[in-house]
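This report covers strand pairing, a metal site and backbone angles, in that order. Please view the model alongside the text.

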Amino acid sequence: MVDFFRSLAAKLNIFPCPICRCGNGGGENFFCPDCEEKMHRITGPRCRACGGELNTALALCSTCLSEKKRPWSGAVSVYEYCDLTRRMIHRFKFFNHPELARPFGIAASERMRQEKEFKADVVVPIPLHFTRQYSRSFNQAALIAEVVAGELGIAFCNGLIRKKRTVHQSRLKKEARRKNPHGVFAVRYPDLLRGKCVLLIDDVFTTGATLSAATKELLKSGSGPVFVLTVARPPRY
Ligand SMILES: [Zn+2]
Ligand SMILES: [Zn+2]
């Protein structure tokens, strides 16, 4: 019976895929199986510190082994930052498609449920500088974080502020990206976050420098351990 309704829905194109508009998607909530496959969901063993490809025999990747300790307690991503994922994240944030926060946020919550060691009392997004938020009209990380909080049944708190407008990470060279975010964030509601396990959300994990700066501010202000959840990341950085 379920199959009958599913094939009828597909024929009538009632719940089109948010990406390709085919009839096999889940309306506003899920991508179709073909698009899912092209975006490459991350599975299998990953680096414990950054969620990246494990290219050593240890629990950490070579980047995490050679860098200073990551300040968070764990990091995972949902999709590989491949061609389709990159285009969809661009469509989402630069071409005014806030509705894509739903399928991305639902996929991120599913990923979070698989991480048994991750704990979260509150979901906090990486903020945009207010001038950038004004020009884009929404913060993509906050929209995803709200969906994740709703799906997991935990609190959402817009607990960080971005004090300085930084150059887009994507426009910086690798070295500059690592240096870029110092002194950029401040904690807006330290009392609300004190002692709480924080699930920090962003759209893309690149060097981890932005997430690292935000995590350090949260820990400094007295939050509990911070876990990082991002929609996409390149296999290695
Ligand atoms: Zn599709
Ligand atoms: Zn790593």
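V124 has L200 of β6 as its bridge partner. In this predicted model, the strands β2 (residues 122–125) and β6 (residues 198–204) run parallel and are joined over 4 bridges. Helix α7 packs on the sheet, where it touches β2, β3, β6 and β7 (226–233). The direction of α7 makes about 135° with that of β6.

The sheet is open and has 5 strands in the order β1-β7-β6-β2-β3, with parallel pairing. Its edges are β1 (74–80) and β3 (155–156), each of which pairs on one side only. In general, strands of a sheet pair through backbone hydrogen bonds.

The zinc ion (ligand 2) has as protein donors the SG atoms of C47, C50, C61 and C64, at 2.2 to 2.3 Å. The arrangement is tetrahedral because the 4 donor atoms subtend angles of 106 to 114° around the zinc ion, and the criterion requires all angles to lie between 85 and 135 degrees. Along the sequence, the donor residues follow the spacing C-x2-C-x10-C-x2-C. Both C61 and C64 are buried.

Most residues other than glycine have a negative phi. The table lists two non-glycine residues with positive values.

| Residue | Phi | Loop |
|---|---|---|
| R21 | near 65° | between α1 (2–12) and α2 (33–39) |
| S137 | about 75° | between α6 (130–136) and α7 (140–152) |

Is S137 buried or exposed? S137 has a relative accessible area of 55%, and the limit for exposed is over 50%, so S137 counts as exposed.

Terms used
Residues numbered from 1 in each chain as written. Chains lettered and ligands numbered in written order. Predicted model: local features only at pLDDT ≥ 70, side-chain atom pairs only at ≥ 80, totals over all residues. Heavy atoms only, no water. Donors = N, O, S within 2.8 Å, 3.2 Å for Na, K, Ca; no water. Tetrahedral: all angles 85-135°; square planar, octahedral: opposite > 155°, others 65-115°. Buried < 20%, exposed > 50% of the residue type's maximum accessible area, 1.4 Å probe, protein only. Helix = DSSP H or I, 4+ residues; strand = E, 2+ residues; numbered from the N terminus. Pairing = 2+ DSSP bridges. Contact = heavy atoms within 4.5 Å. Axes fitted to C-alpha atoms, helices over the stretch in contact; angles between N-to-C directions.
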